[in-house]
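Q: Hey, can you walk me through this structure? I've never looked at it before, so plain sentences please.

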Amino acid sequence: MIVPSRQTAAAYIVLGLAAVVGYALLATGATLLFNGLVAPDSPWLLGLAAFTLALVFQPALRAIQRGLSQLGLAPNDSLALASATLPAPRPAPAPSEGVSLIEEQTAAEAFSRALAHMDVPGEIARELRVTLETMLGSTNVHVFIPDSGAQQLVAAPDGTNRPTSDLRFDLHSALTRTLATGHSVLLIHNLDALPDTLRSEQARLRVLNPQVLAVVQCGPGLDGLVSLGRRDNGAAYTSEELRLIATLADQTGVALERAAVVNDLERRVRDLNVISQMSQALSFTLAYDDLLELIYAQTSKILPAAHFAIALQDPKRATLNYAFYLENDERDEALEGRAVPAAHVLEREVARSGAPLLFNDYAGELRRRGLTPDPRSYTCWLSVPLISGQDILGLLTAAGEVPYAEDQLKIFSTVADQAAGALTRARLLREAETRARQLATLNDISLTISSTLDLDRLLERVVASAVDVLGAEAGSLYLIDDESGGYVFRVAVGPVGQELVGTRLPPGRGFVGEAIEHGRAVIVNDAQHDPRWFKGADETTGFITRNLITVPLRFKDKSIGAIQLLNKRDGSRFTEDDQNLLSALAAPAAISIENARLFTQTDQALAARVEELSIMQRIDRELNTSLDIQRVMDLTIDWALKRTGAAAGSVSILTDEGLQIVATRGYGDTVEGMQNRPIPTDRGIMGRVARTGRISLVRDVRQDPDYRGVLAETRSQLTLPIMHEQRVVGVINLESHGLDAFSDEHIGFVTRLVDHASIAIANARLYAQVAAANVAKSDLMSFVAHELKTPMTPIKGYTDILLSGAVGTLSDGQRQFLNVIRNNLERMKTIVTDMNDSARIEAGKLRLERVALDPRPLIEDALATARTLFESKQQSLSVELPAELPRILADGTRFSQVLHNLLSNAHKYTPESGHIVLRGEVLAEELHIAVQDNGIGIAPEDQQRLFQKFFRADDRLAREMAPGTGLGLNIVKNLVELQGGRIWFESELRRGSNFHFTAPLAGGQP
């Protein structure tokens, strides 16, 4: 039925009034005509009226509507809905100014014939638009059909292939739901009076300004939407025209559904052909890179994508790496072989779960998941796993602007299944070929290295073979020095590193040390950011190390050296397969090296070794019998010149100012000036060795930019660091008039010589320091004893005279003060004696008389002496002792000395009006005494050395407040520990100190 608008309602009212008036006139006339024989409610009269009304109802209604329109009565209702199934017209319709039934049927048949040969949605929609414009004279006709993703309705293109409108309608919007649920035509009269359900569509409807909206539908789904504006003649749409619109829309829906089915079938056939071709091609493609290209080429035929990537799992390293990466039809090989970034969470989720993902709002999905936005800004994204059996090999990913459908996801998954099988076959074949090639190479290498017993030649073959097999840029080999335990750089293969040959590494140093010491391979694929990497080698050679692999050389479960390779030539990373291959090479290499070593150890070599050992023994005896550092240096340079045949040489000691030359030979007068001033470590070959700690063998000094000549005849130079406890303490330099005059044997001998000499040098230095310290100690002790005893003697004498009453009678107070003076003089005498006995403390010869005694009198006596000191600086003293103190096991004099020293220190280092606290407490087996002050405190850098003998802080304020010898706290510490106690302190600079010491309780002692 038709839901009437206000105009229609008005027409019905007029028609109703006319019917009532007409029936009244008919009844009155019949009554008058038949003289009352016919009543107004006569069935015959009512039937005649109904028959007449039925005949004239439709023509009269349309006439009234046209009359109302001409009178200017505009429709006020918002809209009228017409059912998809409108009542059929009568066989003989009344005349109308709209479309007649015959015209409607003719137009529908012509439209149906036109659509019969169309299968393109845009062409079908354009045919509908042209038909409606031609037949109805409608303006602003738009036909909206589903977009390629079937998510929205978009305007079909016009004759210029451009959309007639930029508006889009969501398939699930209020308008489409209204049209799809029972209504095929929507007649709009007033956009301002839309029902609440359509308020959200008001803005877009104002842009379209439609009078009629019709649904294009075939089946339960919505296939499109037709919008018609006002007609050219301004007339309203009649019910026949609305029926025609609905009929044409229904035919369009059928045509669109038919086109969708045809296109879907064609696409499926095309997809199946592509999959069939891909299956055949994959069966014959074995080259790995060609296989990746083929997967992309076939996929692009069925799936449009601006981005396409193939990522594969590396199960041995548990990483997901790009194997193929394409962006905007350009392959980016720089990203291939690298790991999928951690920010690409969705790709990693597919690889982990094995479930495909499809998003046609990629950016929105990332926001919903709280993930990092993708800077590539794709609209649609699709990823499917590569599954072979139970294993997830990786994934295929496509992205672009065109939405993807579920059936495309299925096709993509089918492609992935075929690609997974082909990739598995290609990988197995490649691994088999690689393994066969490697085994053949290893066999050839084993035969090659076992065919020579020349050690140097053998080492070069081993490294060169390893570099070639693994495709590295450079390689080196280290052997363990059996005597020193260090690692000797024996061979370098590659563009650089020859200058490092002969250098030594301390045991356990670097990746080489890690591989040798632990007996396992070390792989580092980002050396520049690894804190263990020593960048000095790169700085020396100019070579940039990106990644490296180090494998130990083991013989009979013992490491004899290591092989190290640097940088894959193809830019890839070292893997576990590389490790296994290099380890397989290292095993026969180690055996061959040991065989070569044994071969070279002939009787002559053994005799030379015995002779060298004999010589080294003589050198050790001579070096160790002398504690004079000059004598040690002279012996070292003499033996170095004698065994190497060098023309000149020198030995230098490293000081804060630079290298101080101590002993020279062969330079004559030219070196006298150099001995008077240190050589800076930032220049010359000697400075370089002092800085780096590496041996420098210069075969031609004219080729070394750091060479600073002293002798014009020098052509080659050997410079070695003198190391002690892995620290450079000096440098030995040897010069020769011949080119390349120094051999590996010379380097080995001088290296061992300086190793022995370094110990003797250290001993000589220590001896000199100890001797100097003993002299200083003796001098200080003598000075202190002399300076203290000199004034003590007259003070004690005059005190005794005063106490004897020789100069008059003394009051009790005077006598008490004199007794305090005398007691302190006795204590000072004890301190002087202790200072003289400081050396005996170190030697363990100081004797203490430890007895059980009451500590309170000792404490009170020390406090009485201290109070006089505190009063001189207006310092306050607090004493916090328990009421009962147990007996302690101690030497009374030494206990008093310790307490007096700590109280005296608190007094000296606390400003005037300061505060000192003496606390005591009884612990389990000790008496704990603490002396706390709020004085100047001790700096953190001085606290570690506070108890050292003769130590004086660098704090200027401390030195001004209390000049002293620096022996007090050292003596206190020794006295406390000799009595079985402990001593410690806490201090904060400029906030005070708190010194603690303990004395053991007497227990069962009397």
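A: Sure. Keep in mind that this is a predicted model. One place to start is an open sheet of 6 strands, with antiparallel pairing and the order 10-9-8-13-12-11.

Q: Which strands stand at the edges of that one?

A: Strand 10 (330-331) and strand 11 (357-359) do. Each has a single partner strand, so one side of each is left without a neighbour in the sheet.

Q: And how many bridges join strand 8 to strand 13?

A: There are 6 bridges between strand 8 (residues 307-314) and strand 13 (residues 391-400), and the two run antiparallel. As an example, Ile 310 has Leu 396 in strand 13 as its bridge partner.

Q: Ok, switching to strand 19. Is it buried or exposed?

A: Mostly covered: 10 of the 10 residues in strand 19 (residues 559-568) are buried.

Q: Which strands does it pair with?

A: Strand 14 (residues 472-480) pairs with strand 19 in the antiparallel sense over 7 bridges. Ala 472, for instance, has Lys 568 in strand 19 as its bridge partner. Strand 18 (residues 548-554) also pairs with strand 19 over 7 bridges, again in the antiparallel sense. There, Pro 552 is matched with its bridge partner Ala 562 in strand 19.

Q: What sits between strand 18 and strand 19?

A: A turn: the two strands form a hairpin with 4 residues between them. Lys 556, in that turn, has a positive phi of about 55°.

Q: Let's do a helix. Which residues of helix 19 are buried?

A: In helix 19 (residues 684-692), the buried ones are Gly 684, Ile 685, Met 686, Gly 687, Val 689 and Ala 690.

Q: What do they pack against?

A: Strands: the buried residues of helix 19 pack against strand 20 (648-654), strand 21 (659-665), strand 22 (696-698), strand 23 (716-724) and strand 24 (727-736).

Q: And what follows helix 19?

A: Gly 693, which has a positive phi near 75°.

Q: Now the inside. Which residues touch the most other members of the largest nonpolar core?

A: Leu 899, Leu 903 and Phe 997 do, in a core of 38 residues. Helix 23 (855-872), strand 27 (888-890), helix 24, strand 28 (915-922), strand 29 (926-933), helix 27 (968-978), strand 30 (983-988) and strand 31 each give two or more residues to this core.

Q: Is there another core apart from that, and what's in it?

A: There is another core of 32 residues, lying apart from the largest one. Leu 292, Ile 295, Leu 386 and Leu 409 are among its residues.

Q: Back to Phe 997. What does it touch?

A: Leaving out residues up to four places away in sequence, Phe 997 touches Phe 895, Val 898, Leu 899, Leu 902, Leu 927, His 928, Ile 929, Val 976, Arg 982 and Ile 983.

Q: How many cavities turn up in the whole structure?

A: A search finds 2 cavities of 30 Å³ or more. The largest has a volume of about 50 Å³.

Q: Which residues line the largest cavity?

A: Phe 997 is one of them, along with Ala 890, Arg 894, Phe 895, Val 898, Val 976, Gln 979, Thr 998 and Ala 999. By class, that lining has 6 nonpolar, 2 polar and 1 charged residues. Helix 24 (892-908) and strand 31 (992-1000) each supply at least two residues of the lining.

Q: You mentioned strand 30 earlier. Which residues are on its covered face?

A: Ile 983, Phe 985 and Ser 987. The uncovered face of strand 30 has Trp 984, Glu 986 and Glu 988.

Q: How does strand 30 run relative to strand 31?

A: They run antiparallel and are joined by 6 bridges. Ser 987, from the covered face, has Ser 993 in strand 31 as its bridge partner. The two strands form a hairpin with 3 residues between them, where Arg 990 takes a positive phi near 65°.

Q: What about Asp 955, where is that?

A: In the loop between helix 25 (940-943) and helix 26 (956-961).

Q: Buried or exposed?

A: Asp 955 has 16% relative accessibility, so it counts as buried; the cut-off for buried is under 20%. Setting aside residues up to four places away in sequence, Asp 955 touches Ile 936, Asp 942, Leu 989 and Arg 990. That last one is the hairpin residue with the positive phi.

How values were computed: Residues are numbered from 1 along each chain as its sequence is written. This is a predicted model: local features need pLDDT of at least 70, side-chain atom pairs count only at pLDDT 80 or more; totals for chains, interfaces and linings use all residues. Side-chain values use heavy atoms; hydrogens and water are left out. On a 1 Å grid over the protein atoms alone, a cavity is a set of points where a 1.4 Å probe fits but cannot get out, and a pocket is an open set with protein on both sides within 12 Å along at least five of seven lines; lining residues have an atom within 4 Å of a point. Grid points are joined across faces, edges and corners, and a volume is the space filled by probe spheres set on the points. Ala, Val, Leu, Ile, Met, Phe, Trp, Tyr, Cys and Pro count as nonpolar, Asp, Glu, Lys and Arg as charged, and the others, Gly among them, as polar. A nonpolar core is a set of buried Ala, Val, Leu, Ile, Met, Phe, Trp, Tyr and Cys residues joined through side-chain atoms within 4.5 Å. Buried means under 20% relative accessible area, exposed over 50%, partly exposed in between (1.4 Å probe, protein chains only). Contact means heavy atoms within 4.5 Å. Two strands pair if DSSP finds at least two bridges between them.
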